[in-house]
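Colleague: Please take one part of this model, the buried interior, and go through it closely. I would like the residues named and the cut-offs stated.

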Amino acid sequence: MNQSHVFSDEEKKVSLANPTLFKALIPYVRPYAWMLALTTVLVFMVTGFELFQPWLIQQAIDGFILVSGTPGLHIMGLEIEQFSVFCIWFGVVILAGFVLDFSQAMFMEYTGQKIMLNLRCRLFDHMTDLPVAYFDKNSSGRLVARVAGDIENMNEMFTSVLVFIFRDLLLMTGVFVILFLTNRRLAFYLSLIVPVVFVGVVYFSGILRRVFRVLRQKNAEINHRFSEAITGIRAIQTCMAGLHFIHEFKRLNLAHFRAAMAHIRVFSVFMPVVGLMGTLAVAVIIWNGSFMVQRQVLTIGELAAFLTYMKLFFRPLRELSEKFNLLQNALASAERIITVLNTPEIRQDTTFKGPDPGGIRHLVFENVAFSYTPGVPVLKNISFSLEKGRAMGIVGQTGAGKSTIINLTAGFYSPTGGRILINGQDYVHMDIAGIRHHTALVMQDPILFSGTVRENIARPLDGDIRQDDQGLESALKNADCAFLFDKYSGLDTMLQDGGRPLSSGEKQLVCIARAFSFNPDLIIFDEATSYMDSQSEVKIHAAMKKLMKGRLSIIIAHRLSTVKSCDHILVLRDGQIIEQGTHEQLALAGGEYARLLEKEWSGWNPTL
Ligand SMILES: Nc1ncnc2c1ncn2[C@@H]1O[C@H](COP(=O)(O)OP(=O)(O)OP(=O)(O)O)[C@@H](O)[C@H]1O
Ligand SMILES: [Mg+2]
């Protein structure tokens, strides 16, 4: 796939004035509206204090230092007392400004972190409820980036960028107004330079945005490659693909280096240019100001205050363009997060709560058809009925659609034709979480999470494990997990992600123990014994028979011995049921099943 396509949404440009985006963010911000309002008030106060300081400097120079034209003399004698009071006031203003500044930063950080906390939880919660089809289309790397990187970007938007842009613009406006009010003539000279500076800032912002976007894209590419390489490290090492990967990684890194250098080049030109403009403006003001002081239309204090105001004006200008870029980046992140949040969850429009308290008693597939990709049918006209206390086996070639039947039963996908009925009700209208609560699924690839075995096999209720250890231990024993007690520390065995250090077969046994401990109505085994030796398999069969009593079970297997004892067996080929019946019926029928049975008996281990 084309790399630039893969990372196209890292590149997406978002308009700063996007009302739908802001509207979507409102629910997350609203609970903290008063905090934001308080921060805004604090920003105004901090700006006020900052603007107050040059005026105080002017008062100090004109009122005390330069009184009677002899600097310093008046400090001796009578005025010294007044001056100390003034200095104390100056100190108080500076201190108050500092406290306000600090409080504003703290409030903003707190609000930002709180909003992010809620948003991150909401996003994770939402993602776990998205239909499985969504994950077919979106790579895990990209979704991880949403939860980690994009949320962080948004945090930056709330905590620093937005405040600083607002604060800087407010400060600059304040400075400009004060300058015009205090000395129109000098302000006029300044206003000749300011538009040039603004044009420069806008021009550089454009360039900066482009190089910044390339840099981000290169970063995303490197992250993607790196995580892919780590995930497939075994394949890379054994298939000697390492060299190719290193070469590819070097190429990407070089591209990243070039993008980073372009970014630095723009900055290293931009910063001094703005600095130079500032110095130029100061020079013009000093030049004109000194003549005005001579003509006594301006005091030295006023000139000093004017120059201090200008410093305040030029200080944020350097960072403003970078902050606008960061803001744009954050808005792009916000948009990506909102897109995920707006993806409908499974069965959002459910009107029924079900299945009823009696649990699942009856499962029916009625002419079910399904395709993952439109126009490519995977299941055609599948019909069967399964009642409590009965077991159904499904056999068939690889790719016949066996796991797809399970995917539909568990509600990972919805049928494209026909109906699935649970206790006589169409399951499309049922609460999928309710169905899953009564279902245990052991999949082809055992899935275990990092944590203890206890955490992996117990069914948590409201975030707590409420099952007692005795029940869990007997589930482990039933699932032939004695090795956990011999080799490891039983329920307290710590597993790493993916179930390390257990072997594939051992992982499957733990997953079966999980199914046993869940005490489900509907139990589904999809090739659950494929990684096991025949001795373990025999033990599991015995335990399964015990477990299946009084429940509905579906067992998918390649080995016919696994499904032999099922009450009903479906033989699947190309998404269709080509034969069905009991083991005895099918063995005598002389069809596909009998043929496969013959192969298995003749000692050839069939992979159908
Ligand atoms: N997520 C998916 N997107 C598109 N096609 C898929 C997807 N999952 C499975 N398929 C296709 O659906 C068909 C049936 O797959 P399924 O997993 O049901 O086969 P299976 O009978 O379980 O095979 P196996 O014995 O190998 O597990 C296959 O041709 C497969 O390519
Ligand atoms: Mg399968």
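Modeller: What follows covers the nonpolar cores and then one covered helix. The model is predicted, so local features need pLDDT of at least 70 and side-chain atom pairs count only at pLDDT 80 or more, while totals for chains, interfaces and linings use all residues. Residues are numbered from 1 along each chain as its sequence is written, with chains lettered from A and ligands numbered from 1 in the order in which they are written.

The largest nonpolar core (buried Ala, Val, Leu, Ile, Met, Phe, Trp, Tyr and Cys residues joined through C-beta atoms within 7 Å) has 69 residues. Buried means 20 or more other C-beta atoms within 10 Å of the residue's own, with C-beta atoms placed from the backbone. I394, V442, A479, V510, I512, A513 and I555 touch the most other members. Helix α17, residues 504-518, supplies the largest share of this core, 7 residues; helices here are DSSP runs (H or I, at least four residues), numbered from the N terminus.

Leaving out residues up to four places away in sequence, A479 touches L509, I512, A513, F516, I540 and A543, where contact means C-beta atoms, placed from the backbone, within 7 Å. A second core is separate and has 17 residues, among them I178, A281, F306 and F313.

As for the covered helix, α12 spans residues 402-409, and 6 of its 8 residues are buried. These are K402, T404, I405, N407, L408 and T409. After α12 comes G411, which has a positive phi, near 80 degrees.

Notes:
Buried ≥ 20, exposed ≤ 12 C-beta atoms within 10 Å, placed from the backbone. Helix = DSSP H or I, 4+ residues; strand = E, 2+ residues; numbered from the N terminus. Contact = placed C-beta atoms within 7 Å.
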